[in-house]
Amino acid sequence: MRHLISGAAGFIGSHLCDRLLGAGDTVVALDNLITGSRRNLAHLAHNNGFRFIEFDVTQPVTVDGPFDHVWHLASLASPREYLEHPIETLESGSTGTRNMLEIARRDRARFLLTSTSECYGDPLEHPQVETYWGNVNPVGMRSCYDESKRYAEAVTMAYHRTYGVRSNIARIFNTYGPRMALNDGRVVPAFLDQALRSQPLTIFGDGSQTRSFCYVSDLVDGLIRLSQSGERYPVNLGNPAELTILDFAEAIRRLMGSNLDLVFEPLPADDPRKRRPDISKAKKLLAWEPKVHLDDGLRETVEYFRQLAPA
């Protein structure tokens, strides 16, 4: 099979490239490198089945086909990134999604959109199930990301209904692992960055807000299973094991073998108080659920960042 992947130099995109190439498929990878990194794909430079093109998918995509599968992962996914680049974030979800859908329509290819748990906003239902419509501030600071993904889901469904595009929508919850950007502001890389530099761990609010953390290999497995399914409506992919931020800080302390101090800062506006996926749908339709324990995944992630550190 031949795949076209946007956001391929990003954290999740690069792991997806690895998995598809490992299956013997060919991959054309697109990324404008606004947040992605060539380093994430450097190990694929001599793979005959792989081609990287530096390209912004908010521009019309003119890559020659045909493709069997189109994957739209391009997005500025962390608060630090999308607050610095709100227009680009909105464009990647709107114009970028439609441009990638046009390639899928052109080639009669399958199409998968990576959406987000942020579609649920600061949820009033817990855990979050796909039929919940969310509690999103459409004009808040985070709206550039939340609404870009909500629009992306809407236009994907419109292409399916209007043109018969065989589409899938993955709502991804917090994912972590090697190749994350340490400076992207999300809790896993932020804590690991501080811990590796023996600095205090920064807690926003009182630390009672919750998150769930899925290792990247589990997430990619879920994406591939979803891409092979006939489910057109959104499917949650994430780990239902829920931790408070304070509990997660303790897990980092145990892992690093250090009683790092904690510092507390004000909670950012519209920051979700609870985040936990209901993955009943993924279990039933995809026979999928996470397998990697948090401690094991964090050890792999820490080892990756330690190898990157200058001697």
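The following paragraphs lead through selected strands, helices, loops and a pocket of this structure, which is a predicted model.

A convenient starting point is strand S1, which spans residues 2-6. Of the 5 residues in S1, 4 are buried, so the strand is largely enclosed by the rest of the structure. Its partner is S2, with which S1 pairs in the parallel sense over 5 bridges. Within this pairing, Leu4 stands opposite Val28 of S2.

Helix H4 brings several of these elements together. The helix comprises 13 residues, 95-107, for which a rise of 1.5 Å a residue predicts a span of 18 Å; the C-alpha atoms at its ends are 19 Å apart, which agrees with that expectation. Its buried residues are Gly96, Thr97, Asn99, Met100, Leu101, Ile103, Ala104 and Asp107. An α-helix has 3.6 residues a turn, so residues three or four places apart point the same way. The buried residues of H4 pack against three strands of the N-terminal numbering, S1, S2 and S4, as well as against strand S5 (110-116) and the helices H3 (86-93) and H5 (143-163). Just after the helix, Arg108 adopts a positive phi of about 55°.

The loop that joins S4 to helix H2 (79-84) contains Leu73. With a relative accessibility of 11%, Leu73 counts as buried, because the limit for that class is under 20%. When neighbours within four places in sequence are set aside, Leu73 is in contact with Ile5, Ser6, Gly7, Ile12, Gly13, Leu16 and Thr114. Two of these partners, Ile5 and Ser6, fall within S1 (2-6), and Thr114 falls within S5 (110-116). Leu73 also lies 9.3 Å from Ser92, C-alpha to C-alpha, although 19 residues separate the two in sequence.

Helix H5 carries Ser148. This serine has a relative accessibility of 3% and therefore counts as buried. Apart from neighbours within four places in sequence, the contacts of Ser148 are Thr89, Leu90, Gly93 and Ser143. Thr89, Leu90 and Gly93 belong to H3 (86-93), one of the elements against which the buried residues of H4 pack.

H5 also takes part in the second largest pocket, giving the most to its lining with 5 residues. This pocket holds about 260 Å³ of space. Its lining consists of 14 residues, and those nearest the centre are Trp133, Arg150, Glu153, Arg171 and Pro234. By class, the lining has 8 nonpolar, 5 charged and 1 polar residues.

Two further loop residues may be considered in turn. Asp184 is placed in the loop between strand S7 (175-176) and helix H6 (187-196). Its relative accessibility is 2%, so Asp184 counts as buried. Beyond residues up to four places away in sequence, Asp184 touches Ser78, Pro79, Arg80, Glu81 and Pro189. Its C-alpha atom is separated by 23 Å from that of Phe52, a residue 132 places away along the chain.

Lys274 lies in the loop between strand S13 (262-265) and helix H9 (280-286). At 39% relative accessibility, this lysine counts as partly exposed. Lys274 touches Asp122, Pro123, His126, Gln128 and Thr210, residues up to four places away in sequence not being counted. The C-alpha atoms of Lys274 and Leu243 are 9.5 Å apart, with the two positions 31 residues apart in sequence numbering.

Terms used. Residues are numbered from 1 along each chain as its sequence is written. This is a predicted model: local features need pLDDT of at least 70, side-chain atom pairs count only at pLDDT 80 or more; totals for chains, interfaces and linings use all residues. Side-chain values use heavy atoms; hydrogens and water are left out. Helices (H or I, at least four residues) and strands (E, at least two) are DSSP runs, numbered from the N terminus. The expected span of a helix is 1.5 Å times one less than its number of residues. Buried means under 20% relative accessible area, exposed over 50%, partly exposed in between (1.4 Å probe, protein chains only). Contact means heavy atoms within 4.5 Å. On a 1 Å grid over the protein atoms alone, a cavity is a set of points where a 1.4 Å probe fits but cannot get out, and a pocket is an open set with protein on both sides within 12 Å along at least five of seven lines; lining residues have an atom within 4 Å of a point. Grid points are joined across faces, edges and corners, and a volume is the space filled by probe spheres set on the points. Ala, Val, Leu, Ile, Met, Phe, Trp, Tyr, Cys and Pro count as nonpolar, Asp, Glu, Lys and Arg as charged, and the others, Gly among them, as polar. Two strands pair if DSSP finds at least two bridges between them.
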